[in-house]
Amino acid sequence: MEFQERLNQYIEEIHCTGKELARNSGISETVLSRYRKGERIPPADSEYLEMLAKGIVRTAKENGVWDTEVPDVLRILQETLKTEEDTETFLGEKLDLLLRELNVNVSQMAAFLHYDASYISKIRTGKRMPSHPQEFVENVCGYLVKNFSSEKERKDIALLIGCGEEELAQTDGYRRRLKEWLRGAACERIDYVSGFLRKVDSFELDDYIRAIHFDTFKVPKIPFQLPVSRHYYGLKEMREGELDFLKHTVFAKSRKPLYLCSDMPVEDMAADEEFAKKYMFGLAMVLKKGLHIHIVHDVERPMKDMMLGLENWVPLYMTGQISPYYLKGVQNKVYSHLHFCSGQAAMTGDCISGHHDLAHYYLTSRKEEVAVCRKNMEFLLKKAHPLMDIYREEKRKKLYAFLTEDSRKEGRRRRILAAPPLFSIPAEVLAFILKRQKTDRERREQILENWKNQKEWMEAILSHSVVEDELSEMSETEYEKYPAALPLAECFFEEDIRLTYEEYQSCIRAAQEYASGHENYRFRLTQAKGFHNIQITCHEGKWCMVSKNKAPAIHFVIHHPKLRYALENVSLPIIDQDMEMDRREET
């Protein structure tokens with residue numbers, strides 16, 4: 001029998017109310033109510049538990065129910081709190097993962113549970129252990145079950161802790177499974193971002209263009225016969241409606257941007273593979289036409305689902321014609337909405353959450369209605385936050401301005417490199433590499449300017465903050481298969497300048513010498529293998545940047561807290577499937 005069950009049994013046996021017991025125990029009614037609901041429990045050796053035992057005995061004697069002593073009641077209550085889990089190590093990593101998946105407002109939870117918010121923060125980062133792990137877990141689980149019990153939230157939790165949704169349908173089962181998971185053994189490190197990183201690392205825009213015939217298909221100039229307005233009901237018609245909207249957008253003369261925002265469920269729409277292909281092709285047609293797309297992503301979903309969705313958008317992001325946004329916090333747990341708008345068409349939709357099959361979509365090309373929808377989308381973007389800033393060559397100056405301004409801001413930086421850093425390479429070594437490569441004058445000047453900029457940025461950062469660089473060391477045999485190139489993503493070149501193995505080793509020695517001469521710079525070689533086309537840069541707590549050298553050269557500066565946190569905590573080895581296969585073949 002658990003503590004709250006035994007407490008409620010005592011209240012029934014002595015024929016009293018919670019208010020009466022609280023008064024006789026000297027405990028507030030609010031605290032006692034939480035004890036009864038299982039939202040909080042007292043430590044087995046706490047003063048509160050002894051006060052509660054005295055209150056039960058006093059109330060029982062006043063009501064003439066039974067005559068017993070305080071030590072006996074205290075011993076029975078303590079037995080409900082003494083479990084094998086008391087000796088287990090509490091895993092802050094699991095708590096952190098759980099709070100992030102549910103987007104829990106920690107300040108509100110701390111206030112409700114009478115904890116200090118900084119105390120919970122230290123526990124979730126592993127800097128501190130709960131003084132009473134069982135009590136802490138009981139209290140946290142009680143709060144989560146009470147405040148995060150919608151169908152979607154239970155589904156998210158079921159995916160996270162690896163149980164069936166039906167096991168969380170009832171409050172007791174929900175609380176029990178959460179406690180078991182938090183108290184259990186360490187979970188496997190959940191890798192949210194490597195799929196996204198692999199997609200960026202291996203993506204070749206030219207190959208993608210050829211694969212979908214993007215370079216050969218043409219945008220029709222004569223429109224099909226489309227209705228001025230139409231209503232859509234049910235999943236089949238809704239899929240048809242979204243495609244009709246894209247047709248309106250592609251065939252219209254307007255060159256105005258496309259706005260997309262939807263928190264409608266995607267699973268049942270994406271289940272139709274043919275629709276998914278047509279939808280992505282429609283977006284490709286929009287980009288082929290030269291329109292810019294502003295999309296507000298629905299990120300209030302499990303990290304796994306969010307990253308899978310972003311992976312599908314990677315090919316479109318690579319065009320540089322996408323501006324992604326997100327809205328902070330859960331906007332609504334009852335309704336789901338859709339707002340699409342282009343130059344000459346608008347589509348709106350809504351449904352009750354959990355009943356997408358009964359949603360209603362409305363498509364219109366009436367000027368007045370389109371104008372209103374466009375205004376609303378412009379207002380919405382003002383409330384949204386950038387999910388990431390995407391820089392291609394046409395935004396080179398903006399990227400340089402961002403990096404220059406950020407170099408003046410304090411904060412620890414961490415980078416996972418694909419090649420030795422450019423700024424630490426001696427001028428004479430860099431000149432020799434460029435001469436050997438027969439780099440033309442214009443490109444050589446751009447590289448030297450970038451080298452100078454990187455040195456200035458790094459010197460500015462190291463004057464106030466620590467930078468940690470990590471590079472996968474490769475044997476000469478591995479290097480023959482995966483030779484490193486000069487890290488020139490900021491130059492936006494589409495061709496590599498490969499390093500010989502001797503040059504690669506020379507650049508590593510230069511980085512080590514640079515570290516020995518700069519107190520705030522750390523350079524570490526690791527045998528763990530990572531990617532060979534991208535570099536990850538994190539300004540802790542601020543942003544993370546994924547930089548790709550070529551095809552196309554591009555930078556994703558990521559601001560969203562959950563995604564940024566996942567990248568900040570990514571660690572080698574990040575499994576590169578090709579390199580992993582090669583190693584297995586060699587062994």
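Strand S11 is largely enclosed by the rest of the structure, because 5 of its 6 residues are buried. This is a predicted model, and S11 is a good place to start looking around. From there, this briefing moves to an open sheet of 8 strands, then to helix H16, which has 16 residues, and on to some of the 22 salt bridges that the structure holds.

**Around strand S11**

- S11 covers residues 467–472 and runs parallel to strand S10, with 5 bridges joining the two.
- Two of the facing pairs are easy to find: Arg414 stands opposite Glu468 of S11, and Arg415 stands opposite Asp469 of S11.
- S11 is also joined by 6 bridges to strand S12 (residues 521–526), and these two strands run parallel.
- Val467 has Tyr521 as its bridge partner in S12.

**Strand S10 and its other neighbour**

- S10 spans residues 413–417 and is mostly covered, with 5 of its 5 residues buried.
- Arg413, Arg415 and Leu417 point one way from S10, while Arg414 and Ile416 point the other way.
- Strand S13 (residues 534–539) runs antiparallel to S10, and 4 bridges join them.
- Look for His539 in S13, the bridge partner of Arg413.

**The open sheet of 8 strands**

- Its strands follow the order S1-S7-S6-S5-S2-S3-S4-S8, and the pairing is mixed.
- Strands S1 (229–233) and S8 (385–386) stand at the edges; each has a single partner strand, so one side of each is left without a neighbour in the sheet.
- At the S8 edge, strand S4 (residues 322–326) is joined to S8 by 2 bridges, and the two run antiparallel.
- Tyr326 stands opposite His385 in S8.
- Strand S6 covers residues 346–352 and includes Ile352.
- Ile352 counts as partly exposed because its relative accessibility is 42%.
- Together with Val334 and Tyr335, Ile352 forms a nonpolar patch on the surface, with about 270 Å² of accessible area for the three together.

**Helix H16**

- H16 runs over residues 273–288 and reaches 22 Å from its first C-alpha to its last, close to the 22 Å expected at 1.5 Å a residue.
- At the N-terminal end, Asp272 acts as a cap: one of its side-chain oxygens lies 3.1 Å from the backbone nitrogen of Glu274.
- Among the buried residues of H16 are Phe275, Tyr279 and Leu283.
- Gly290 follows the helix, with a positive phi near 100°.

**Salt bridges to look for**

- In helix H5 (residues 70–81), Glu79 and Arg75 lie 4 residues apart, about one turn of the helix.
- Their side chains meet in a salt bridge at 3.4 Å, N to O.
- Both partners are partly exposed: Glu79 has a relative accessible area of 48%, and Arg75 has 41%.
- Asp96 and Arg124 meet in a salt bridge at 2.8 Å, N to O.
- That pair links distant parts of the chain, with Asp96 in helix H6 (residues 92–101) and Arg124 in helix H8 (residues 117–124), 28 residues apart.
- Asp96 and Arg124 are both buried.
- Glu180 and Arg176 form a salt bridge at 4.0 Å, N to O.
- These two residues are separated by about one helical turn, because they are 4 residues apart in helix H11 (residues 171–183).
- Salt bridges that share partners join Glu180 and Arg176 with Glu167 and Arg177 into one network.

Definitions and conventions. Residues numbered from 1 in each chain as written. Predicted model: local features only at pLDDT ≥ 70, side-chain atom pairs only at ≥ 80, totals over all residues. Heavy atoms only, no water. Buried < 20%, exposed > 50% of the residue type's maximum accessible area, 1.4 Å probe, protein only. Pairing = 2+ DSSP bridges. Expected span 1.5 Å × (residues − 1). Polar contact = N/O pair within 3.5 Å; in protein donor to acceptor, adjacent residues only side chain to side chain. Patch = residues over 30% accessible without salt bridge, like charges linked within 9 Å, V, L, I, M, F, W, Y side chains within 5 Å. Areas by Shrake-Rupley, 256 points an atom, 1.4 Å probe, with all protein chains shown as cover.
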